[in-house]
Amino acid sequence: MGLNYEFRAAGRILAALSPEQHRRLEDLAAEIQTAEEVLRRRAARPLARCQDACRGLCCRNVALDEIIGRDDFVYLLIRAPSLKNRIAACLVEERPFFTADCCFLEGGTGPCMFPPEVRPVVCLTTFCGDTAPIRQEIRRLKRAFGQLAWFPRLRHLSGLRRVRPPGR
């Protein structure tokens, strides 16, 4: 469906939240951000290799909609709402059916426009080296993202349960 569709869907999810649900989602996003910080500290060596040796090679020639999705956009918009217009501007040039460089690279070459403390899950958990020393941190981050991913779905299902069939 493309990133633009997923980005707009994330916006619709956030717009439909009650204040209580919004606070809960903010709490889930804060847990993700904490897990990201722990992973970044523990993965300092592999991340330095990404910057110094590879120079963002993994951000080039990618099928971006397989890397970034609706849940990532929900997370980005809840933790860094100031990025909304920049993300939308990047998606104007989206080529959803062809592999291309990541559209979120500053100036088309990098660095990434997302702040280091707020990035999509795949961008933080994919390394070209040995991940055994940071496996626990990667698992913690993915689990936290999983909770965020299920939040809108469970919210929707709980709303369906409250609707009573006619005649009851």
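Is Glu 137 buried or exposed? Select Glu 137 and switch on a surface to check: Glu 137 is buried, because its relative accessible area is 11%, and the cut-off for buried is under 20%. Keep in mind as you click around that this is a predicted model.

**Stop one: around Glu 137.** With Glu 137 still selected, show the helix it belongs to, helix 7. Now add the side chain of Arg 42 to the view. The side chains of Glu 137 and Arg 42 are joined by a polar contact of 2.8 Å.

**Stop two: the positive patch.** Next, select Arg 41, Arg 135, Arg 139, Arg 140 and Arg 143, which together form a positive patch on the surface. Colour by helix and you'll see where the patch comes from: helix 7, spanning residues 135-162, is the top contributor, with four residues. Then pick out Arg 41, which sits in helix 2 (residues 19-42). Arg 41 has a relative accessible area of 58%, so Arg 41 counts as exposed, the cut-off for that being over 50%.

**Stop three: the loop before helix 7.** Now jump to Gly 129, which you'll find in the loop that runs between helix 6 (121-125) and helix 7. Gly 129 is partly exposed, because its relative accessibility is 40%, in between the cut-offs of 20% and 50%. Finally, add Leu 47 to the selection and draw a distance between the two C-alpha atoms. Gly 129 and Leu 47 are 82 residues apart along the chain, and their C-alpha atoms are separated by 9.9 Å.

Technical notes. Residues numbered from 1 in each chain as written. Predicted model: local features only at pLDDT ≥ 70, side-chain atom pairs only at ≥ 80, totals over all residues. Heavy atoms only, no water. Patch = residues over 30% accessible without salt bridge, like charges linked within 9 Å, V, L, I, M, F, W, Y side chains within 5 Å. Areas by Shrake-Rupley, 256 points an atom, 1.4 Å probe, with all protein chains shown as cover. Salt bridge = Lys/Arg side-chain N within 4 Å of Asp/Glu carboxyl O. Lys, Arg positive; Asp, Glu negative; His and termini not counted. Charge placed at Lys NZ, Arg CZ, Asp CG, Glu CD. Helix = DSSP H or I, 4+ residues; strand = E, 2+ residues; numbered from the N terminus. Buried < 20%, exposed > 50% of the residue type's maximum accessible area, 1.4 Å probe, protein only. Polar contact = N/O pair within 3.5 Å; in protein donor to acceptor, adjacent residues only side chain to side chain.
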